[in-house]
Amino acid sequence: MTNKSLGQHWLRDRTILEEIAAQGRLGPEDTVLEIGPGPGGLTSLLLAQAGRVVSVEFDPEVARKLPGQFPGKNLEVVQGDILEYDLGKLPSGYKVVANIPYYITKKIIQNFVRAANQPEVMVLLVQQEVAQKYAAAAGDLTLQAVELQLAYDVHVSTRVPKTYFNPVPAVDSQVLVCTKIHVDKNAYVDNKSILRVARAGFASPRKKLRTTLSSGLGISRELVEASLRQIGASPDVRAQDLSVADWAKLADILAA
């Protein structure tokens, strides 16, 4: 039985579960973090491919039953809130493969991105609209997408119709695949500085950047306009219209 108050919508289609697990590119050397394992359909596939699986489950009854389904397997079940779980307990390079609760998707992704011990790969089944927002390009960017894409290469994969879940949710889902970036693409400015500028720009997304950046960063509109022209953008541009690379270039110019 699922608990709707916990955002539980369990995917039971074996083929799709196999596709999700496969995108983690798991091997016997990998430790995998799973969130909300539910009846263990995905858990069984992760255990077959990875060396170790850590499943964090909020529901005490589900957490109590899960280990008995996989005797002798390298499975650790942690009963608790994933937002409070200490990611520092996991080895460097761990991976996340999970069907995560819709209502805390933003907080979960934010936790991983801001963690000292970031996952190497995240394969997350989320609402389709949310997946596409995180993978968006210039024209549709959000601040959350900028923060994620500064740390990870991001793309959407398998779409999962809502009818494949029990109980049936209100919307379709899609797999969001994130692979950690190790090469510094922004040679002259760090991600913290880029995000400082981006946060100022996205503070009022409907306003033009000449206004939001001038106000948020305490600099003149003339300087903002000149900096935008330097990266090849119109002074009339809005925050969502810049690419992640544009934000890096703009932060670099404004830091000079």
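Is W247 buried or exposed, and at what relative accessibility? In this predicted model, W247 counts as buried at 0% relative accessibility.

**The aromatic pair and helix α7**

The structure holds one aromatic pair. The ring centres of F202 and W247 lie 5.7 Å apart with their planes at 35°, so the pair is tilted; the tilted class takes in plane angles that are neither under 30 degrees nor over 60. F202 belongs to helix α7 and W247 to helix α10, so the contact between the rings ties together parts that are 45 residues apart in sequence. F202 is buried as well, with a relative accessible area of 11%.

Helix α7 runs over residues 191-202 and has 12 residues. From its first C-alpha to its last it reaches 16 Å, close to the 16 Å expected at 1.5 Å a residue. The buried residues in α7 are I194, L195, V197, A198, A200, G201 and F202. An α-helix has 3.6 residues a turn, so residues three or four places apart point the same way. The elements that cover the buried residues of α7 include α6 (143-151), α8 and α10.

**Salt bridges**

The count of salt bridges comes to 11. Three of them are set out in the table.

| Salt bridge | Closest N to O distance |
|---|---|
| R14 with E18 | 3.3 Å |
| D30 with K95 | 3.3 Å |
| R210 with D236 | 2.9 Å |

The bridge between R14 and E18 lies within one helix. Both residues are in helix α1 (residues 14-22), four residues apart, and are separated by about one helical turn. R14 is partly exposed at 48% relative accessibility, and E18 is partly exposed at 38%.

D30 and K95, in contrast, join separate elements. Their N and O atoms come to 3.3 Å at the closest. D30 is in the loop between α1 and β2 (31-35) and K95 is in strand β5 (residues 95-99), so the bridge ties together parts that are 65 residues apart in sequence. D30 and K95 are both buried.

The bridge between the side chains of R210 and D236 has an N to O distance of 2.9 Å. R210 sits in helix α8 (residues 209-217) and D236 in the loop between α9 (221-230) and α10 (244-255), so this pair links parts that are 26 residues apart in sequence. R210 is buried, with a relative accessible area of 18%, whereas D236 is partly exposed at 37%. For R210 the cut-off matters, because buried means under 20% relative accessible area.

**The network around R210**

Which residues are linked with R210 in a network of salt bridges? The network consists of K208, R210, E225 and D236. E225 is placed in helix α9 and counts as buried at 19% relative accessibility. Leaving aside residues up to four places away in sequence, E225 touches R210 and P235. Helix α8, which holds R210, is also among the elements covering the buried residues of α7.

**A charge over a ring**

One further side-chain arrangement involves K180 and Y152. The charged end of K180 sits over the ring of Y152, 5.8 Å from the ring centre.

Technical notes. Residues numbered from 1 in each chain as written. Predicted model: local features only at pLDDT ≥ 70, side-chain atom pairs only at ≥ 80, totals over all residues. Heavy atoms only, no water. Salt bridge = Lys/Arg side-chain N within 4 Å of Asp/Glu carboxyl O. Helix = DSSP H or I, 4+ residues; strand = E, 2+ residues; numbered from the N terminus. Buried < 20%, exposed > 50% of the residue type's maximum accessible area, 1.4 Å probe, protein only. Contact = heavy atoms within 4.5 Å. Expected span 1.5 Å × (residues − 1). Phe/Tyr/Trp six-rings, centres within 6.5 Å; stacked < 30°, edge-to-face > 60°. Lys NZ or Arg CZ within 6 Å of the ring centre and 35° of its normal.
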